[in-house]
Amino acid sequence: MWEILSGIEILLIKLEKVKKIYKSNKYFSESINMGWKKLQEYYAKLDVSLVYAALIILNSSVKLRYFDIKWSGSAELSAWILTIKESV
């Protein structure tokens with residue numbers, strides 16, 4: 001389950017590449033954009049979930065480094081880092 005976020009990241013990157021290939025096709029381009037938006041929505045929901053945070057921390061290869069690296073650029077998410085550290 002802890003691999004969901006990295007899977008979504010891979011799909012978002014692939015959609016970005018495919019979007020460039022099919023930018024002249026109106027229907028493919030719109031479908032790709034809708035898929036990207038839906039994945040981004042799920043990505044954002046997972047990023048602020050305490051359950052998901054616990055799963056990441058319990059993964060011995062990732063632990064708290066993920067949050068320090070991925071969330072430190074956002075003031076809102078940085079506040080969650082302290083909450084996560086206190087919760088776990």
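Which residue lies over the face of tryptophan 36? The legends below take you there, and to a few other spots in this predicted model.

**View 1. Lysine 19 meets the ring of tryptophan 36.** Here is the reply to the opening question: lysine 19 lies over the face of tryptophan 36. Its distance from the ring centre is 5.6 Å.

**View 2. The whole protein chain is built with five helices.** Start here to get your bearings: there are zero strands, and from the N terminus on the elements read α-α-α-α-α. Of the 88 residues in the protein chain, 23% count as buried. About 6,300 Å² of the protein chain is exposed, and carbon and sulfur atoms supply 63% of that area. Take the contacts between residues at least 6 apart in sequence: 49% of them join residues at least 24 apart.

**View 3. The largest nonpolar core gathers 14 residues.** Look for Ile8, Ile56, Tyr66, Phe67, Trp71 and Ile84, the residues with the most contacts inside this core. At least two core residues come from each of helix H1 (4-21), helix H2 (26-47), helix H3 (50-58), helix H4 (65-70) and helix H5 (75-87). The largest share, four residues, is supplied by H3. As a general background, nonpolar side chains in soluble globular proteins tend to be buried together.

**View 4. Tyrosine 22 and phenylalanine 28 form an aromatic pair.** The structure holds one such pair. Its geometry is edge-to-face, with 5.0 Å from centre to centre and 85° between the planes. Are these two rings buried or exposed? Tyrosine 22 counts as partly exposed, because its relative accessibility is 35%. Phenylalanine 28 also counts as partly exposed, at 44% relative accessibility.

**View 5. Serine 29 sits in helix H2.** Serine 29 has a relative accessible area of 15%, so it is buried; the cut-off for that word is under 20%. Which residues does serine 29 touch, leaving aside those up to four places away in sequence? They are Tyr22 and Lys23. You have already met Tyr22 as a member of the aromatic pair in View 4.

**View 6. Serine 6 of helix H1 and tyrosine 43 can be viewed together.** Along the sequence, serine 6 and tyrosine 43 are 37 residues apart. In space, 9.5 Å separates them, C-alpha to C-alpha. Serine 6 lies in helix H1 and is partly exposed, with a relative accessible area of 34%.

**View 7. Confidence varies between the helices.** The pLDDT of the protein chain averages 79, and 86% of the residues score at least 70. Which element has the highest mean pLDDT, and which the lowest? H2 has the highest, at 86, while H5 has the lowest, at 71. Helix H2 is also where you found serine 29, and helix H5 is one of the helices that supply residues to the core in View 3.

Terms used: Residues numbered from 1 in each chain as written. Predicted model: local features only at pLDDT ≥ 70, side-chain atom pairs only at ≥ 80, totals over all residues. Heavy atoms only, no water. Core = buried A, V, L, I, M, F, W, Y, C linked by side-chain atoms within 4.5 Å. Buried < 20%, exposed > 50% of the residue type's maximum accessible area, 1.4 Å probe, protein only. pLDDT = per-residue confidence, 0-100. Contact = heavy atoms within 4.5 Å. Phe/Tyr/Trp six-rings, centres within 6.5 Å; stacked < 30°, edge-to-face > 60°. Lys NZ or Arg CZ within 6 Å of the ring centre and 35° of its normal. Areas by Shrake-Rupley, 256 points an atom, 1.4 Å probe, with all protein chains shown as cover.
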